[in-house]
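Q: I am new to this structure and would like a close look at one loop and its surroundings. Please start there, and then walk me outward through the rest.

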2 protein chains.
Amino acid sequence: MLKDMRLEQLNILVPEMKSFLSLRYRVLRNLYYFQPVGRRLLARYLSETERVLRKELDLLKKQGLVKVSRGGMELTPEGMNIVLNMRPYLHKLLGLTDLEEKLKGLLQVKEVIVVSGDMEVEQAVRYEVGRAGAQALCQSLRDNVVIAFSGGTTCAAVAEMMPFISEYKGLKVVPARGGLGEEIHYQANSIAARVAEKLHCSYRLLHLPDSLAEETLQALLQDPKIVEVLEVINSAQILVHGIGTAREMALRRGAGGEEIKNLLEKGAVGEIFGVFFNCEGEVVGQVPSLGLYLENLNTTLKNIIVVAGGKRKAEAIAAILRNHPRDLLVTDEGAAREIIRLCGGERDKEAHSCKY
Amino acid sequence: MLKDMRLEQLNILVPEMKSFLSLRYRVLRNLYYFQPVGRRLLARYLSETERVLRKELDLLKKQGLVKVSRGGMELTPEGMNIVLNMRPYLHKLLGLTDLEEKLKGLLQVKEVIVVSGDMEVEQAVRYEVGRAGAQALCQSLRDNVVIAFSGGTTCAAVAEMMPFISEYKGLKVVPARGGLGEEIHYQANSIAARVAEKLHCSYRLLHLPDSLAEETLQALLQDPKIVEVLEVINSAQILVHGIGTAREMALRRGAGGEEIKNLLEKGAVGEIFGVFFNCEGEVVGQVPSLGLYLENLNTTLKNIIVVAGGKRKAEAIAAILRNHPRDLLVTDEGAAREIIRLCGGERDKEAHSCKY
DNA sequence: AAAAAGCAGGACAAAAAAAGTCCCGTCCTG
DNA sequence: CAGGACGGGACTTTTTTTGTCCTGCTTTTT
């Protein structure tokens, strides 16, 4: 409490510190994920120009946090130490804790975790969101739990950042929905398999053709194997899902031009595993598929974790989470600030001008 | 401990913070002492150019710490709050605690307090040293204690910053030495009187002519009144004294050109109440006067507080305190860094380039 | 073994920020 | 009512930052 006041005073007296700090931490963070790496490539990762990055790197080298090696630049042990230990400190210093509180007030979520940066600007942020999501997931694991995963790059990041664990018995991982025409690596099936690998547990997959007509669907429901998998899916107690913007998802999931238009005209802004919502949180469309029943989100599921970030997704996140209760939202600063701007109406005076 | 590490990491990651922070705090601090005051005058107090000060003031205004009023600029309540509450925080942040530890190792002092800034550059620093000294003095007060004060601007600052107290009984304040030819306001006699006023206690003064021949001295020692005062002085348990550079003191105390040369040839670098020391801490000269016997510094005196600052005094402080034990040294950053540079031999890599 | 790609760091002009300097109209004080 | 100190505007000069391209080196790929 007292410490917070001091940090706040520091922020008042040296307001430029936030930009410096977040830029430099971003550099270190990217170095952490991609080392060894060169200046140019790093600049791309960070969406910064080569020159400003160079200045920062010179300073970080001078401070002994970064060293050059054959393949490019790397963190020194001190640099590594800072990346790993400073996170919670930055969290308060950059005002992320405040953002979390505001989001809790605006959305129907019990807990919120905001990661600094914007995954649209900086890839590493997706990893950080994934890391935070993975950590949260680990904490809610118990014996004999069924975990459902949706698809998407952010969920894939969660899977990737999961540690290897063999602490629990009887875990089972399943995809939340069948094939939805995404790239193989980001499909719910692949992700479920990857998570199961990390948890050393079993998994069930739901292999469906990409686009399903209504009649095919009915036919598939006759298949006892599929029905069995569906039963497992719908007995899940934990669900981890991402959120997509209606436009991008409709495109990616191969809906024809006509269909997209239709969806958007109905006011679709957000999507989760093939179901489209308008800004009131009402279902306005659905990709024909099989998997989790929406009703179960409020009944059998005990723990729903949402992972989604990036400024562009703010509207979608807000639309869905304002109307549908969730247990945890893991997002990034870009999305968080935009959500607050959209919902709050109150302008975010504190938003610092730097590019996260 | 953990918090310190975080601060250190912050310092590593944003090294320019120190300059920003100390400059801005200096501005606020001067505003605190001199408000309401204009930009030009303030620039003089801070030894900064008008333009840089203006930039800082604009920022501080934007941050709501400073407001303009008829007579110039003033602190807002928030600004006041920061000046008063941030001191201990800055202390760690600017590395003053480290300086204190180093000085303890280099000098024969039990405790050291280093105030940020340099009193040669910024007058307010003298007040801050005075404030710290006054606070320390207050803490060592007990009933029936005799306090001896030397002269000098810094001791005067201690007197000025003393709070009004009537908590103790039987206090008595005396000058450490008789008139040594300083300006009235900074004479030991005036200071003693002022302190007594603050402590609501009695005082005894030692009014002597400015320059004394040896024979006059002997004559004065026959005067029972003077002898009585001397006895009180030499029963003091607490002594607060400043330190002067040999050159300046010799000049100020009206020693003739020849005499000065003589003193300096003997290697005199420092002075305390009329006694000159070389860099080994040996007495090499003395202005004829009456007052505290040097031997008492090690016997009857329980608590000797030294207040002195400014880069130029570093040599004098080091010369005396390396060889004569003291209980507390209150100094400023300018002197502290210079002392470490002089004594340590090890270069002070950490010294930031800003003008304190 | 040759070629391609990625690397750090040098160089330099353009742009932006900071700093130095002078000025003006105003408000208070003596 | 005159003088001085006030904040703030304006302008030039200086310094710093930024964008961009190049060079020679090392590593990886072919």
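A: Let's begin at B:Pro36, which sits in the loop between helix H2 (17–34) and H3 of chain B. Please keep in mind as we go that this is a predicted model. The peptide bond that leads from B:Gln35 into B:Pro36 is cis, with omega near -5°. Most peptide bonds are trans, so this spot is a good one to pause at. You can find a counterpart in chain A, where a cis peptide bond joins A:Gln35 and A:Pro36 with an omega of about -5°. A:Pro36 also lies in a loop, the one between helix H2 (17–34) and helix H3 (39–46) of chain A.

Now follow chain B out of the loop and into the helix after it. Helix H3 (residues 39–46) of chain B meets helix H4 (residues 50–62) of chain B, their axes coming within 9 Å and crossing at roughly 110°. Because of that crossing angle, H3(B) is roughly perpendicular to H4(B). On the H3(B) side, the contact is made by B:Arg39, B:Arg40, B:Leu42, B:Ala43 and B:Leu46, while H4(B) brings B:Glu50, B:Leu53, B:Arg54 and B:Leu57. Sorted by character, the residues of this contact comprise 5 nonpolar, no polar and 4 charged.

Beyond H4(B) you come to a pair of strands. Strand E1 (residues 66–69) of chain B pairs with strand E2 (residues 72–75) of chain B in the antiparallel sense, over 4 bridges. With 2 residues between them, E1(B) and E2(B) form a hairpin. To see one of the bridges, look at B:Lys67, whose partner in E2(B) is B:Glu74.

Chain A offers a helpful stop in the same region of numbering. A:Thr76 belongs to the loop between strand E2 (72–75) and helix H5 (77–85) of chain A. Is A:Thr76 buried or exposed? A:Thr76 counts as buried because its relative accessibility is 10%, and the cut-off for buried is under 20%. Its C-alpha atom is separated by 5.2 Å from that of A:Leu65, although the two residues are 11 apart along the chain. Leaving aside neighbours within four places in sequence, A:Thr76 is in contact with A:Gly64, A:Leu65, A:Val66 and A:Lys67.

Next, a word on the interior. The largest nonpolar core has 160 residues, and A:Leu10 and B:Leu10 have the most contacts inside it. B:Leu10 reaches across to the other chain: not counting residues up to four places away in sequence, it touches A:Leu10, A:Met17, A:Leu21, A:Met86, A:Tyr89 and A:Leu93, along with B:Met17 of its own chain.

Further along chain B there are two sheets to explore. In one of them, 7 strands form an open sheet with parallel pairing, in the order E3-E13-E12-E7-E4-E5-E6. Its edge strands are strand E3 (109–115) and strand E6 (202–203) of chain B, each of which pairs on one side only. Within this sheet, E4(B) and strand E7 (residues 238–241) of chain B run parallel and are joined by 3 bridges. Here B:Phe149 stands opposite B:Val240 in E7(B). Helix H9 (residues 153–161) of chain B packs on this sheet and touches E4, E7 and strand E12 (303–307) of chain B, its direction making about 110° with that of E12(B). Helix H10 (residues 188–199) of chain B lies across E4, strand E5 (172–175) and E6 of chain B, running at about 170° to E5(B).

Just ahead of E4(B) is another loop residue to look at. B:Asn144 is found in the loop between helix H8 (123–139) and strand E4 (146–149) of chain B. Its phi is near 60°, a positive value in a residue other than glycine. B:Asn144 counts as exposed because its relative accessibility is 53%.

The other sheet has 4 strands in the order E8-E9-E10-E11 of chain B; it is open, and its pairing is antiparallel. At its edges are strand E8 (244–245) and strand E11 (283–286) of chain B, each pairing on one side only. Strand E9 (residues 268–272) and strand E10 (residues 275–278) of chain B pair in the antiparallel sense over 4 bridges. One of the bridge pairs is B:Gly270 with B:Phe277 in E10(B). Helix H15 (residues 314–321) of chain B packs on this sheet, touching E8, E9 and E10 of chain B, with its direction at about 75° to that of E9(B).

Note on methods
Residues numbered from 1 in each chain as written. Chains lettered and ligands numbered in written order. Predicted model: local features only at pLDDT ≥ 70, side-chain atom pairs only at ≥ 80, totals over all residues. Heavy atoms only, no water. Core = buried A, V, L, I, M, F, W, Y, C linked by side-chain atoms within 4.5 Å. Buried < 20%, exposed > 50% of the residue type's maximum accessible area, 1.4 Å probe, protein only. Contact = heavy atoms within 4.5 Å. Pairing = 2+ DSSP bridges. Axes fitted to C-alpha atoms, helices over the stretch in contact; angles between N-to-C directions. Parallel < 35°, antiparallel > 145°, perpendicular 65-115°, else oblique. Nonpolar A, V, L, I, M, F, W, Y, C, P; charged D, E, K, R; others polar.
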